[in-house]
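Please open the model in your viewer and keep the selection panel at hand, since this tour goes from one selection to the next.

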Amino acid sequence: MSLLLPLPQPSATLSPFTVVTSTLRLKPLPSLKPPRSTPNSTLSISVSPPTTDSNVTTPKKVLLPIGFGTEEMEAVILIHVLRRAGANVTVASVEPQLQIEAAGGTKLVADTSISNCYDQIFDLIALPGGMPGSARLRDCDVLKRITCKQAEENRLYGAINAAPAVTLLPWGLLKRKKVTCHPAFFHKLPTFWAVKTNIQVSKGLTTSRGPGTAYMFALTLTEQLFGECVAREVAEFLLMRTDDDNVSKKEFNEIEWSVGHHPPTVLIPIAHGSEEIEVVTLIDILRRAKANVIVASVEKTLGVMASQGTKIVADKLISDVKESAHDLIILPGGTAGAQRLSKSRILKKLLKEQNSAGRIYGAVCSSPAILHKQGLLKDKKATAHPSVLDKLEDGAVNDAVVVIDGKLITSEGLSTVTDFALAIVGKLFGNGRARSVAEGLVFAYPKK
């Protein structure tokens with residue numbers, strides 16, 4: 001199957017940073033796996049999509065508000081999935097400025113201010129969770145009025161994590177609706193209407209539990225906007241699998257990842273066109289595990305425009321870290337992003353030194369091809385996105401989403417990056433901490 005999906009157009013104003021973008025073209029990806037669901041949920045969602053005229057080509061409009069402390073995985077997964085499906089997603093800041101720092105420290109830049117959205121009509125309003133992000137959304141009067149009008153006029157709205165209990169409940173938008181939320185906030189919900197499911201759809205309102213259920217939440221909203229066929233197509237593109245696939249991690253030449261007694265330092269280089277769900281998931285999960293994560297831009301600016309138009313601000317330029325040693329270097333994917341990473345001489349030097357010093361390195365999605373080109377996969381087992389897996393030649397592993405070989409770790413990327421990040425946590429800190437982080441995400445950590 002192939003679906004022509006329009007990429008989002010960048011906002012005319014990219015404050016507080018300037019980027020130069022080129023057209024990114026998505027190609028149909030071969031060998032995509034069957035969709036994968038989170039526990040207690042299925043891809044086949046029992047929600048009838050709204051009746052629409054098949055000749056109407058106007059994009060569906062989606063409002064996604066963010067504020068200080070918004071959960072970055074949830075926000076970016078929603079942005080990525082809905083834009084991938086063809087929606088026109090407006091990311092609106094409820095703060096006085098467009099740039100916000102999310103719950104895990106990721107710096108995101110909104111497209112516009114929420115005040116500019118007041119007179120617009122949206123097909124869907126989707127609220128990410130996180131604290132204090134959900135409280136910041138709750139306290140925004142403009143957003144409250146927009147969302148209450150959305151509900152009154154029977155248009156779609158949804159919330160995840162803390163947002164159902166912290167944001168929608170005080171606004172009176174949960175009345176006579178079955179609803180779920182993050183387990184830590186479940187006690188705040190009305191007892192009779194609260195349900196412990198990963199996804200709950202009730203009279204135009206869709207709710208979900210946390211970052212680990214965000215893909216299913218986004219796909220549920222996609223199905224309501226565009227129908228089951230589009231939702232399934234996007235799920236395949238994201239490399240989601242069913243619970244029956246029973247593929248996760250394979251490890252070769254097992255050794256302990258010892259980094260001493262200090263918190264491990266992790267370098268994540270990013271570029272225009274990097275896959276935002278991979279970048280943000282890695283940052284969020286590794287920081288939850290208490291790793292010292294440094295996000296470095298290989299561009300001339302700290303700000304980058306990711307593959308689906310998300311604006312991310314790095315912590316440093318790659319030139320600022322060229323003399324530093326890092327316990328782990330991880331390359332995110334994205335076709336255009338990987339190409340730009342591969343052109344960075346500083347990054348190439350850092351990777352060569354990482355290998356020579358016997359330190360840990362890895363890549364996801366299309367970026368294992370960078371390691372292969374530099375000879376860093378020689379005599380190693382690795383995996384990658386199906387579209388580049390054959391480039392890895394004899395070392396390619398095609399029956400696992402995460403492959404570890406000594407101090408090398410690789411993954412297929414996209415939705416599998418959660419498994420990838422948790423595998424890193426398990427190697428650096430032990431399975432106990434990885435399981436604890438997974439529970440906070442509401443993500444099923446592998447039993448083995």
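In this predicted model, begin by selecting the open sheet of eight strands, whose order is β10-β18-β19-β17-β16-β11-β12-β15 and whose pairing is mixed. At its edges you will find β10 (249–252) and β15 (316–317), each of which pairs on one side only.

Next, select residues 265–270 and 292–297, which are strands β11 and β12, and you will see them paired in the parallel sense over six bridges. To look at one of the pairs of residues, pick I270 together with S297 of β12, its bridge partner.

Now add helix α9, residues 345–356, which packs on the sheet and touches β11, β16 (328–331) and β17 (360–364); the direction of α9 makes about 135 degrees with that of β16. Then add helix α11, residues 417–429, which also packs on the sheet, where it touches β10, β16, β17, β18 (402–405) and β19. The direction of α11 makes about 160 degrees with that of β19.

Move on to β19 itself, residues 408–411, and display its pairing with β17, to which it is joined by four bridges, the two strands running parallel. Here A363 stands opposite T410 of β19. With β18, by contrast, β19 pairs in the antiparallel sense over four bridges, and I404 has I409 in β19 as its bridge partner. If you follow the chain between β18 and β19, you trace a hairpin with two residues between the strands, and G406 in the turn has a positive phi of about 65 degrees.

Show the side chains of β19 next: which way do L408, I409, T410 and S411 point? L408 and T410 point one way from the strand, whereas I409 and S411 point the other way, and all are buried.

Finally, centre the view on S411, which lies in β19. Why does S411 count as buried? S411 counts as buried because its relative accessibility is 0%, and the cut-off for that term is under 20%. Leaving aside its neighbours within four places in sequence, select the residues in contact with S411: A363, V364, C365, T383, A384, H385, V401, V402, T416 and F420. As a last step, draw a distance from the side chain of S411 to the backbone nitrogen of G413, which lies 3.3 Å from a polar atom of that side chain.

Notes: Residues are numbered from 1 along each chain as its sequence is written. This is a predicted model: local features need pLDDT of at least 70, side-chain atom pairs count only at pLDDT 80 or more; totals for chains, interfaces and linings use all residues. Side-chain values use heavy atoms; hydrogens and water are left out. Buried means under 20% relative accessible area, exposed over 50%, partly exposed in between (1.4 Å probe, protein chains only). A polar contact is a pair of N or O atoms within 3.5 Å; within protein, one must be able to donate a hydrogen and the other to accept it, and residues adjacent in sequence count only if both atoms are side-chain atoms. Contact means heavy atoms within 4.5 Å. Two strands pair if DSSP finds at least two bridges between them. Axes are lines fitted to C-alpha atoms, for helices over the stretch in contact, and angles run from 0 to 180 degrees between N-to-C directions.
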